[in-house]
Number of protein chains: 2
Amino acid sequence: LQAEIIAVGTELLLGDTVNTNASFIARELALLGVNVYHQAVVGDNRERLRQEFLRSWNRSSLIILCGGLGPTEDDLTREVVADALGLPLEENASWLKHLQDLFQRMGRNMPPSNRKQALCPQGGELLFNKRGTAPGIYLQKGEKAVILLPGPPQELEPLFKEQAAERIAEFARSREEKQVICSMILKVVGMGESAVEEKIADLIAAQENPTIATLAGVMEVKIRLTASAPSREKAEKLLAPVATEIKTRLGSYIYTEGERLLEAVVGDLMRNKGWTLSVGESCSGGLLSHRLTNVPGSSDYLRLGVVAYTPEAKKNLLGVDPGQISLHGVVSRPVALAMARGAMKAGGSDIGIGITGFAGPDGGTEENPVGTVYIAVVSREVEYARRFNFWGERERIKERAAVTALNMLRRILLQS
Amino acid sequence: LQAEIIAVGTELLLGDTVNTNASFIARELALLGVNVYHQAVVGDNRERLRQEFLRSWNRSSLIILCGGLGPTEDDLTREVVADALGLPLEENASWLKHLQDLFQRMGRNMPPSNRKQALCPQGGELLFNKRGTAPGIYLQKGEKAVILLPGPPQELEPLFKEQAAERIAEFARSREEKQVICSMILKVVGMGESAVEEKIADLIAAQENPTIATLAGVMEVKIRLTASAPSREKAEKLLAPVATEIKTRLGSYIYTEGERLLEAVVGDLMRNKGWTLSVGESCSGGLLSHRLTNVPGSSDYLRLGVVAYTPEAKKNLLGVDPGQISLHGVVSRPVALAMARGAMKAGGSDIGIGITGFAGPDGGTEENPVGTVYIAVVSREVEYARRFNFWGERERIKERAAVTALNMLRRILLQS
């Protein structure tokens, strides 16, 4: 079963609104085992909407349109779809009554323009919308179906889940297409996209079912496996051996299955150990603390963060010996280690992290240019420090430093 | 000049990634006076991408594709566009050298797969990408132009602003479309979108040329004026009186003209005064330090940040009296003030900021529910503290707290 999504609205074309509806519907369709090969956006324009709809209708079996169901003149979706399919619009008496009651309860008369929201193409079914004045519409014609949904996400999302999803599932069954799609995500940190692909090049080359895709983030790579089979169980059976093989090859570079963030995975490890953490940051400027504290419940293990942007702050709050700074420079392994030890001590915690480097655009030396970052992780048993050469702009260098520190912490937690 | 946007990537079709690139590009094109009538999304599929591209190419004058420029086998945009236009791909020696140097600096050999990122369709121009391995491509052919941009927003957005925008403007001029579009942004902080709209309701109602649009952000509102005229000078003359009127009405709620960030504006004010700053954060978890340190040169005025996530850290590093915490609670005005004073003292700086609150989802009391945040700003002359009730999820509350603290600092700097 192939579906297309058409989002209607000039505010989308102008970029004033981000098209979250399309990604929501696409995710929901994937869960239902429905493939989406095309998404489109058109403005509130009768002719362009008509062309776009007919193109999709001729090409795919299920078309989902969102937006353009409001009461105003530029809300055209209902009219255009009825017209394109050669169906007359009929007034739905019970929705009209519902609307009139709604306005009455608000102490107002229903504006005449709202009346058209009770219109439905002949043979269509209204989907009751508890959260707004525009109902959804489900319409099957021959071997194909079209669904119209209101544009506001707070109306569209529950309406889809509560009413559209079951009709789509039923429609899919009626076509006796029993294929189910199952996806699985493996998240990798500390290895670049091309290195990941090299490790699994033969699997990628041989991919068929499941398919294998990689997506690059900052210092991270997502691997997505997607299988299709007559049942969820069978799809999962197709996924399992490939996932196992990839996990074997990438080992602990894979930090999670699914969509969890690295800081949340690290938080779980901290909580499992019952350990506490303090961080001393310089070039990363508080980003590591910020990411750690984005995780609900991080106060269970995070004690303290210090952003020591001056030598005095490094001395007074983290106990870094000014002699070491003059000897080795502020961007150096000994200073990173001293910051980590100082944070651990000041926070009275089990682990300390220290980060010092040049985030740019100014600063840096010939030996340690912009992008040079030293990161240290210390516990009572272990001291580990490493030099990195990150590239990119200031914010990107901060981000690479924070992700790398999280990953170093993760590795130490795994090994302890 | 009519443009279309095609976003490429199976992750978009599956809904795993929200298509923020399309809305970003659409907004930027609107500023350049370019109309967008169609947007589409296609997966990493050669034939469907080819069809989609050719349809757009035959219909419009400027096609912008984003995504599919990576080093992997499913990155097809470059190849498909070259093939569809009948142009051979040529290797760009200087970009290849750049890539090899880049990997060398990271102490690695360039994987063979990255080599294809130096390919460019004949006649095309590479757009230098400082932030990734995929350059953009600008290609004019006959009366039409196509632009390829890398998919990651942190690469695409600056590349568009720094390199694509001027080429699009030039392309538009070359087509002798003499209407010039000029835009102007006024950024407001500390006033909601509907309050802003009320203050300028009559101007919005009467808008014609320039048009007036408001865009809501987190605790901020952007007002965009757009005028069109036969020359830049004439367009600017249309903008000036409306801008002056809006500035008069909103006064110091407007913190900048243009796209500068609040933390950069505050940084300029700090530098002008020659003052220094230290911050003590609890519920905002380092986000205020992170935003302050995103500004290049912030080490000129930022001395210290402390993320004191425990009462001990508040006592030991910021000198907060535990008696005050027991008496007033850790989320209270006296504790915010004590944190601000403690940060100022520990950093030896002219100004201190203290933030304490409940970011949720757990925590909070009946009197001070989740979302309650106290923010204090102190200098040697002034002490100012205020209670806020922010709403939203954990990350949103952190963000509201950080923006509000920046704005309180800005107001104190303006008044001193």
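Here are a few worked exercises on a predicted model with two chains, A and B.

Before you start: residues are numbered from 1 along each chain as its sequence is written, and chains are lettered from A, with ligands numbered from 1, in the order in which they are written. Because this is a predicted model, local features need pLDDT of at least 70 and side-chain atom pairs count only at pLDDT 80 or more, while totals for chains, interfaces and linings use all residues; side-chain values use heavy atoms, with hydrogens and water left out.

**Exercise 1. Work out how chain A and chain B meet, from area down to residue classes.**

Step 1: start with contacts, meaning heavy atoms within 4.5 Å. On that basis, 68 residues of chain A touch 74 residues of chain B.

Step 2: go on to buried area, the accessible area (1.4 Å probe) that two parts lose on being put together, summed over both. The two chains bury about 5900 Å² between them, and 54% of it is on carbon and sulfur atoms. A:Leu13, A:Tyr309 and A:Trp391 supply 11% of the area that chain A buries against chain B, more than any other three residues.

Step 3: count the polar contacts. These are pairs of N or O atoms within 3.5 Å; within protein, one must be able to donate a hydrogen and the other to accept it, and residues adjacent in sequence count only if both atoms are side-chain atoms. Between chain A and chain B there are 35 residue pairs of this kind, both residues at pLDDT 80 or more.

Step 4: sort the chain A side by class. It has 28 nonpolar, 24 polar and 16 charged residues. Here Ala, Val, Leu, Ile, Met, Phe, Trp, Tyr, Cys and Pro go in as nonpolar, Asp, Glu, Lys and Arg as charged, and the others, Gly among them, as polar.

**Exercise 2. Find salt bridges that run between chain A and chain B.**

Step 1: know the cut-off. A salt bridge is a side-chain nitrogen of Lys or Arg within 4 Å of a carboxyl oxygen of Asp or Glu. Side chains of opposite charge can pair when their charged atoms come close.

Step 2: get the totals. Over all chains there are 49 salt bridges, and the count between chain A and chain B is five.

Step 3: look at two pairs. B:Arg224 meets A:Asp16 at 3.9 Å, N to O. A:Glu393 pairs with B:Arg131, with the closest N and O atoms 2.8 Å apart. A:Glu393 lies in the loop between β17 and α15 (394–415) of chain A and B:Arg131 in the loop between β6 (125–127) and β7 (136–141) of chain B, so the pair joins two chains.

**Exercise 3. Trace the ten-strand sheet and name its edges.**

Step 1: set the terms. Helices (H or I, at least four residues) and strands (E, at least two) are DSSP runs, numbered from the N terminus, and two strands pair if DSSP finds at least two bridges between them.

Step 2: begin where the chains join. Strand β14 (residues 302–308) of chain A runs antiparallel to β14 (residues 302–308) of chain B, with five bridges. A:Val307 sits opposite B:Gly305 there.

Step 3: read off the order. The open sheet goes β17(A)-β16(A)-β15(A)-β13(A)-β14(A)-β14(B)-β13(B)-β15(B)-β16(B)-β17(B), with mixed pairing. β17 (383–389) of chain A and β17 (383–389) of chain B are at the edges, each with a single partner strand, so one side of each is left without a neighbour in the sheet.

Step 4: check a parallel pair. In chain B, β13 (residues 277–281) and β15 (residues 351–357) pair in the parallel sense over five bridges, and B:Leu277 has B:Ile351 as its bridge partner.

**Exercise 4. Spot the unusual backbone geometry around β10 of chain A.**Step 1: look before the strand. A cis peptide bond joins A:Asn209 and A:Pro210, with omega about 10°, and A:Pro210 is found in the loop between α8 (201–206) and β10 of chain A.

Step 2: look after the strand. A:Met219, in the loop between β10 and β11 of chain A, has phi near 65°, a positive value in a residue other than glycine.

Step 3: turn to chain B. The peptide bond from B:Asn209 to B:Pro210 is cis, with omega near 10°.
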